[in-house]
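Trainee: Please show me the protein. I would like to ask about its empty spaces, its core and the confidence of the model.

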Amino acid sequence: INAEWLREFAVLLRKRLRVRFNELARSVFTAAAAASGSAPSRKVFAEAQGKLDALLGNLRLYQKGLALVVQTALCATTEAGVAGLDAALGRHLAKTLCTDLADLLFHVSAFEASVDVGCDLGAPLGPDTRARIVDALGNEGDGRALRAALARLDEALAQRNVDGFEGKVAAAALALGLKPAKADRKRERQVLFNHKSALFEQLQVERAAALGLHLAVTLLFQHYTGAMLSAPGRCVPQLIAWLAAQRGGGGGGEGGEGGEERLVPEEVIDQLVRFQGTVIK
């Protein structure tokens, strides 16, 4: 074999091997970079999915309690002077749980758009921060759909409007690649039981009279209607009046007898009214 030919062949082979090595090294580096980048992404989305399911499930249950008040608002207003209770409860729900849901989705959007919001997933965000996140999203394709969904969420929060809020949450979640869980009766029963147990435990150790009355009224609402309720302290007197005005098994709860009897026994209402008097004093 000609030695010169061997040298030329070796040079050619080395060039080809170097090209192949560079290609392999580049593909390994790209795969490693993608894996390291997707790990936190998967973690964020998994955490967000869990929180979304829990918050959305709670929202459905609280909306059922609110719906009971809305349905009876007109007749209860003339009987017991609870005008505006349904609107006040709706604004409170928008300000609390609905805001938590929206902030969660804005956090995930910020992560996707590489916007630093300076706080952990699900922490409260202000209107300016939410606007900054929307502005950072693309205005084409998926980015455009997400911008529109988040804008509708933000508008609902600004207006303290809970009507159709679940649908707005679902639209934004789907635009982010999250999957809102459907209603689960078994899980709802467990959440209702846990919520009622938590209220009872809090009531047993509460020493502040105003907070104790608040807990008692919320607990009684769930006991007699079978529905959870999220209410601010200032609505407690109106809720007592609302409970006093209900007749029969109006809420389908755990203590109604049917017919035209009081939903909540008169002696229970009397105790609440007397307790309320001591709180006001």
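Mentor: Start with a definition: on a 1 Å grid over the protein atoms alone, a cavity is a set of points where a 1.4 Å probe fits but cannot get out, and a pocket is an open set with protein on both sides within 12 Å along at least five of seven lines; lining residues have an atom within 4 Å of a point. Grid points join across faces, edges and corners, and a volume is the space filled by probe spheres set on the points. This is a predicted model, where local features need pLDDT (the predictor's confidence in each residue, from 0 to 100) of at least 70, side-chain atom pairs count only at pLDDT 80 or more, and totals for chains, interfaces and linings use all residues. Residues are numbered from 1 along each chain as its sequence is written, and side-chain values use heavy atoms, leaving out hydrogens and water.

Trainee: What volume does the largest cavity have?

Mentor: The search covered the whole structure and found one cavity of 30 Å³ or more. Its lining includes Tyr62, Leu89 and Ser230. The volume of the largest cavity is about 30 Å³.

Trainee: Which elements give two or more residues to the lining of the largest pocket?

Mentor: Helices (H or I, at least four residues) are DSSP runs, numbered from the N terminus. The pocket has a volume of about 200 Å³. Gln63, Asp86 and Arg160 are among its lining residues. The elements are H1 and H2.

Trainee: Which element gives the largest share of the largest nonpolar core?

Mentor: Such a core is a set of buried (under 20% relative accessible area, 1.4 Å probe, protein chains only) Ala, Val, Leu, Ile, Met, Phe, Trp, Tyr and Cys residues joined through side-chain atoms within 4.5 Å. This one has 68 residues, and Leu89, Leu105, Leu150 and Phe165 touch the most other members. The largest share, 14 residues, comes from H2.

Trainee: Leaving aside neighbours within four places in sequence, which residues is leucine 105 in contact with?

Mentor: Contact means heavy atoms within 4.5 Å. Leucine 105 belongs to the core described above. Its partners are Leu52, Leu150, Leu153, Val169, Ala172, Ala173, Leu176 and Leu178.

Trainee: In which helix is confidence lowest?

Mentor: The mean pLDDT of the protein chain is 84. Over residues 76-80, pLDDT stays under 50. Confidence is highest in helix H7, at 96, and lowest, at a mean of 73, in helix H1.

Conventions:
Buried < 20%, exposed > 50% of the residue type's maximum accessible area, 1.4 Å probe, protein only.
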